[in-house]
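Hi everyone, thanks for making the time today. I'd like to walk you through one structure, going from a helix to some rings and then to the cysteines.

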Amino acid sequence: MADWHVPQGKFDIPDVPDYIPRRLKPWLFIFFVLIIQFSGGVYLAAATDMVGTTALMQEDILMAGYAQLIGMAINFAVMFRLKFRYSNRFSLLLCCAVLIAANIVCAHTTSMPILVAVCFVAGWFRMWATFACNSTIQLWLTPVRDMSIFFCYVYLVVDGVIQLSGVVTVYTAFFSQWEYMHLLMVGLLLLMMLMVVILVKPFHGMPMVPLLGIDWIGALLWGGFMLCFTFICVYGNFYDWWEAAEIRGAALLGVVCALINLWRASFLHHPYISFRAMLNRNVVRATVIYMVFFTLLATEHVFEHSYAAQILGFDETNLVDLNWYVFIGIIAGVALTYFTFALRRWRYKTMTAIGFILAAVYLGYFYFLIDYGVEKEMLFIPLFFRGMASVIISIVFLTSIVQSGLPFQVFPQALTINGFTGAVMGATFGPALVGEFLRHIMAKNAALISASFTDTVPSAVHIPLGQLYGMVQRQALVVSMKEIYGWLLIVALVSVIAILVSYSPLRPSAFMPKWRNIRRLFRHQVRVSPEV
């Protein structure tokens, strides 16, 4: 097995002048990645403060946040083309400028359509800048281009920053106001632009490949479909699902966008997402696993926050401190995946079973733990295991996409599908399903508890109606949460058994071609494309 990175002195980044020591060059780009990952359109940890000071609803802010993820997912299909068209210097300067504008707009606008559109664009450029940096240091991380190693680094940065960004956002809002988070990121992006101007040269290692033969219409249509799907999941409960014209209209528009794309993919030589990517066995398997797995973890989005705030009485700073528990779990999950899956080549089946077992432990712990008197420290174990489980599944199945046998021209399209199903559908479909389940169970339990409460507690008739209603709702919430955790735990255990009894000898063997060969493939695609 090759070393984790190239010995210092051999690896170099021609974009950076020689007066910068070679040992520091990769860390410069890691610093850039961290700034880019911290930046964005909206910061979901500040949603409560934004709702209190703007005319926006909680659903509006969630929709904007997921629009950013959709923009990132759509970019996957063309990120290699952008890499071979523009230098790192130009890419980073442009992306920083766009993200600065996005932060300024999102800090001041109260228009939901503008917010969603700006966040979508911000997600696109955020992914562009991230890939420009990560692809530059890839050979430093893994000189043999082993993607199972590379993705450990990617998810350590991406998932880790998500947790840390929440901490920074909440404490910034606590000590000042939520708009200052945008100002902080504008300052860091300006610092990054200054460093890029001084420390990064406009270097082109290979001749540029023009942005020809790209199905931009398909990109817009797929983006429309993903936005419609997300809109239905986010606003479904608010609009009472199919009773509302807004939900029916979004469903119709999403179906139309998908059907047009499928029709165009049947005759275009280079559609934005081809049938070969959509029907690939590994892509389909990853989609199914994501849907099941992230539905099991949907309680994080549905009522973990409500439980900690309403039942345990945590304020915003105590709530966000729980992010540290998840962050430690992410580090542990990345370390476990690196040493077992990436280095020792444990099977996909083994790693998938570990991920689902950790999810079952998370659900089981909450099922038996949930009560009125839980201390904050007692939440460490379930949140730690949730962080581990999520990052393990993400690394393993993204690696399986690389090992799917797809031609490299089609591989980025599979990444777009993976990005949407793993990040967007995983964060919206499961919570929508569990949230609707919670609503029905809450109504049933509240009726049963209120009836039994007035029958068994004679003094209840002297309690003010508002106070009595609050007591019933809190008790119904705890009972309903326990019931849902129990059902999800059963699904998790059944999933573990199904995984264990299946047979899959496949082990990770996912290697990326050389940059020269990748460029040659896309260059050939441009030459033969009839759409040009």
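Let me start with a word I'll lean on: a residue is called buried when its relative accessible area is under 20%. And please keep in mind that this is a predicted model.

With that in hand, look at helix H6, which runs over residues 112-136. Of its 25 residues, 20 are buried, so by that cut-off H6 is mostly covered. From first C-alpha to last, H6 reaches 36 Å, close to the 36 Å expected at 1.5 Å a residue.

Now to the rings. How many aromatic pairs does the structure hold? There are 36 aromatic pairs. Let me show you two of them.

One is phenylalanine 31 with phenylalanine 32: the ring centres are 6.4 Å apart and the planes sit at 45 degrees, so we call this pair tilted. The two partners have their own surroundings. Phenylalanine 31 has 31% relative accessibility and therefore counts as partly exposed, while phenylalanine 32, at 0%, counts as buried.

Another is tyrosine 290 with phenylalanine 294. Here the centres are 5.9 Å apart and the planes are at 40 degrees, so this pair is tilted too. Both residues belong to helix H13, residues 281-296, and they are four residues apart, which is about one turn of the helix. Are these two buried or exposed? Tyrosine 290 is buried, with a relative accessible area of 2%, and phenylalanine 294 is buried as well, at 11%. If you widen the view, they belong to one aromatic cluster made up of Tyr290, Phe293, Phe294, Phe356 and Phe397.

While we're on rings, here is one for the fans of cation-ring geometry. Lysine 482 lies over the face of tyrosine 367, 5.2 Å from the ring centre.

Last stop, the cysteines. How many disulfides are there? The count comes to zero. Why does cysteine 106 not form one? The closest cysteine sulfur, in cysteine 119, is 4.0 Å from the sulfur of cysteine 106, and a disulfide needs the two sulfurs within 2.5 Å, so that is too far for a bond. Cysteine 106 is buried, with a relative accessible area of 1%. Cysteine 257 is in no disulfide either: its nearest cysteine sulfur belongs to cysteine 228 and is 5.5 Å away. At 9% relative accessibility, cysteine 257 also counts as buried.

That's my tour. Thanks for listening, and I'm happy to take questions.

Terms used
Residues are numbered from 1 along each chain as its sequence is written. This is a predicted model: local features need pLDDT of at least 70, side-chain atom pairs count only at pLDDT 80 or more; totals for chains, interfaces and linings use all residues. Side-chain values use heavy atoms; hydrogens and water are left out. Helices (H or I, at least four residues) and strands (E, at least two) are DSSP runs, numbered from the N terminus. The expected span of a helix is 1.5 Å times one less than its number of residues. Buried means under 20% relative accessible area, exposed over 50%, partly exposed in between (1.4 Å probe, protein chains only). Rings of Phe, Tyr and Trp (its six-membered ring) pair if their centres lie within 6.5 Å; planes under 30 degrees apart count as stacked, over 60 as edge-to-face and the rest as tilted. A charge sits over a ring if NZ of Lys or CZ of Arg is within 6 Å of the ring centre and within 35 degrees of the ring normal.
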